[in-house]
Amino acid sequence: MPKINGNEIRPGNVLEHNDGLWSAVKVDHVKPGKGGAFAQVELRNLRNGSKLNERFRSADKVERVRLEQKDQQFLYETDGMLVFMDSETYEQIELPAELLGERRPFLQDGMTITVEFYENEALNATLPQKVNCRVAETEPVVKGQTAANSFKPAILDNGVKVMVPPFVGPDEEIIVNTDTMDYAERA
């Protein structure tokens, strides 16, 4: 595996550190008035989700890990486990539902997601950035309310609450950004 210097760490890099696999969430390069510069890195453990703040000097060497990404199709959920199928080999794998966290409600039957593997161990799963959802209920439009920067709460068919523009009504299809969990546009 390639070793990189501590000052080359970027957000999204996966590192092997302290006998674990860590994803760099946030990286701040600090140059104090006295002493050498360093990178203050917020790390998230890919196996258990714990967080760690670590300082890396430019002379420190860390191992950067490359994860293999495969597209997997969602089949069904059973006992808190999500069952996916590789679209090329038709091999099925089970992943815990907690892997998706608060984005779990956006997973729909037959949806293709990207699963990241490290030596046949699934570590991370990402949904498509934009997902179609149906508005289950929302408040009626208030007359005279301008559309300039005013949003109203809405509940989607999957139970998630989002803020939508005033012109969106019940039973309308909208597109939700799964990264920010916000309204993106009409479908």
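**Exercise 1. Place tyrosine 90 and describe its backbone and exposure.**

Tyrosine 90 sits in the loop between β8 and β9 (92–96), where strands (E, at least two residues) are DSSP runs numbered from the N terminus. Before going on, note that this is a predicted model: local features need pLDDT of at least 70, side-chain atom pairs count only at pLDDT 80 or more, and totals for chains, interfaces and linings use all residues. Residues are numbered from 1 along each chain as its sequence is written, and side-chain values use heavy atoms, with hydrogens and water left out.

Step 1: look at the backbone. Phi of tyrosine 90 is near 60°, which is positive in a residue other than glycine. Most residues other than glycine have a negative phi.

Step 2: check the surface. Tyrosine 90 has 59% relative accessibility, so it counts as exposed (buried is under 20% relative accessible area, exposed over 50%, partly exposed in between, with a 1.4 Å probe and protein chains only).

**Exercise 2. Do the same for aspartate 19.**

Step 1: this one belongs to the loop between β2 (14–17) and β3 (20–30).

Step 2: its phi is near 60°, again a positive value in a residue other than glycine.

Step 3: with a relative accessible area of 81%, aspartate 19 is exposed.

**Exercise 3. Find the aromatic pair and work out what it ties together.**

Step 1: count. The structure holds 1 aromatic pair (ring centres of Phe, Tyr or Trp, the last by its six-membered ring, within 6.5 Å; planes under 30 degrees apart are stacked, over 60 edge-to-face, the rest tilted).

Step 2: get the geometry. Phenylalanine 74 and phenylalanine 84 are the partners, 5.6 Å centre to centre with 55° between the planes, which makes the pair tilted.

Step 3: map the rings onto strands. Phenylalanine 74 is in β7 (residues 68–78) and phenylalanine 84 in β8 (residues 81–86), so the pair ties together parts 10 residues apart in sequence.

Step 4: check burial. Phenylalanine 74 is buried at 4% relative accessibility, and phenylalanine 84 is buried too, at 1%.

**Exercise 4. Contrast the surroundings of two loop residues, phenylalanine 106 and asparagine 7.**

Step 1: locate them. Phenylalanine 106 is in the loop between β9 and β10 (112–118), while asparagine 7 is in the loop between β1 (3–5) and β2.

Step 2: compare accessibility. Phenylalanine 106 is buried, with a relative accessible area of 0%; asparagine 7 is partly exposed at 36%.

Step 3: list neighbours, leaving out residues up to four places away in sequence. Phenylalanine 106 touches residues including Leu127, Cys133, Leu156, Val176 and Met181 (contact means heavy atoms within 4.5 Å). Asparagine 7 touches His29, Arg57 and Ser58.

Step 4: look at sequence separation. Phenylalanine 106 and methionine 181 are 75 residues apart in sequence, with their C-alpha atoms 9.5 Å apart. For asparagine 7 and alanine 59, the figures are 52 residues and 8.3 Å, C-alpha to C-alpha.

**Exercise 5. Zoom out to the whole chain.**

Step 1: the fold elements. The protein chain has 0 helices and 16 strands (helices are H or I runs of at least four residues).

Step 2: the dimensions. The C-alpha atoms fill a box of roughly 60 × 50 × 25 Å along the principal axes.

Step 3: the burial tally. Buried residues make up 37% of the 187 residues.

Step 4: the contact range. Of contacts between residues at least 6 apart in sequence, 42% join residues at least 24 apart.
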